[in-house]
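Subject: Structure for you to look at

Hi there,

Here is the structure I promised to pass along. Have a look at it first, and then read on for what I found.

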Amino acid sequence: MISNNMEKALNEQLNAELFSSYLYLSMAAYFESKNWFGFAKWMKKQSEEEYGHAMKFFGYINEVGKKVTLEKIEKPKNEWQSHLEIFEEALKHEQYITKRINDLVNLAIKENDHATNNFLQWFVKEQIEEVSSVQKIVETLKLIGDQAGSLFMLDHELGKRE
Ligand code: OFO
């Protein structure tokens with residue numbers, strides 16, 4: 001049986017994952033409005049993945065006999081100055097999510113909650129991949145600078161994301 005404290009923390013993470021989905025959808029909307037369709041597709045896929053993360057928490061909370069409680073989702077930002085600014089914000093957000101997941105693992109360890117610790121390990125691994133993929137795009141955008149041709153090529157590349 002997981003503690004009420006852990007139930008609350010898992011519900012808060014569910015909300016954070018829904019916010020992640022909302023944030024990336026807002027970034028996708030921004031790219032669409034500027035006709036960067038490859039970047040928009042990448043962000044839409046990212047948003048879908050985040051919804052999937054939220055649903056993993058939804059499923060787990062129910063599976064262990066606790067209750068899912070949905071809270072208000074914060075309004076995401078919807079204006080940025082550059083591609084780089086967007087991806088730097090995405091990177092900062094993923095680093096924040098990694099910290100949240102690590103804090104959850106620490107709580108599970110403190111409470112001797114092996115089941116939740118085991119459930120969270122998937123996210124520990126996933127966060128390595130999430131941070132690394134956004135980091136690579138940030139570095140590429142820094143190399144590109146304001147070369148429009150290279151930016152179009154990256155747009156094409158990111159649009160291939162399945
Ligand atoms: Fe981006 O990993 Fe979930 O939030």
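Let me start with one side chain. Leaving aside neighbours within four places in sequence, F87 is in contact with F31, F39, W42, M43, V134, I137, V138, L141 and L158. Please keep in mind that this is a predicted model.

F87 belongs to the largest nonpolar core, which has 26 residues. Together with M27, F31, F39, M43 and I86, F87 is among the members that touch the most others in that core. Two or more residues of this core come from each of α1 (4-33), α2 (37-63), α3 (83-110), α4 (114-144) and α5 (148-158). The largest share is that of α1, with seven residues. There is also a second, separate core of 21 residues, including L18, F57, V68 and L104.

Now for the overall layout. The protein chain has five helices and zero strands, so to speak an α-α-α-α-α order from the N terminus on. Along the principal axes, the C-alpha atoms fill a box of roughly 55 × 25 × 25 Å. Of the 162 residues in the protein chain, 46% are buried. If you take the contacts between residues at least 6 apart in sequence, 81% of them join residues at least 24 apart.

Two of the helices deserve a few words each.

- α1 has 30 residues, and its first and last C-alpha atoms are 43 Å apart, close to the expected 44 Å at 1.5 Å a residue. Because 21 of its 30 residues are buried, α1 is largely enclosed by the rest of the structure. After α1 comes N35, with a positive phi near 65 degrees.
- α2 has 27 residues and reaches 39 Å from its first C-alpha to its last, close to the 39 Å expected at 1.5 Å a residue. After α2 comes G65, whose phi is also positive, near 80 degrees.

Finally, the surface and the charges. The accessible surface of the protein chain is about 9200 Å², and carbon and sulfur atoms account for 55% of that. The protein chain carries 20 positive and 26 negative charges, and the mean positions of these two sets lie 2 Å apart.

If you only have a minute, I would begin at F87 and its contacts, F31 and M43 among them, and then follow α1, where 21 of the 30 residues are buried.

Happy browsing, and best wishes!

Notes: Residues numbered from 1 in each chain as written. Predicted model: local features only at pLDDT ≥ 70, side-chain atom pairs only at ≥ 80, totals over all residues. Heavy atoms only, no water. Core = buried A, V, L, I, M, F, W, Y, C linked by side-chain atoms within 4.5 Å. Buried < 20%, exposed > 50% of the residue type's maximum accessible area, 1.4 Å probe, protein only. Helix = DSSP H or I, 4+ residues; strand = E, 2+ residues; numbered from the N terminus. Contact = heavy atoms within 4.5 Å. Areas by Shrake-Rupley, 256 points an atom, 1.4 Å probe, with all protein chains shown as cover. Lys, Arg positive; Asp, Glu negative; His and termini not counted. Charge placed at Lys NZ, Arg CZ, Asp CG, Glu CD. Expected span 1.5 Å × (residues − 1).
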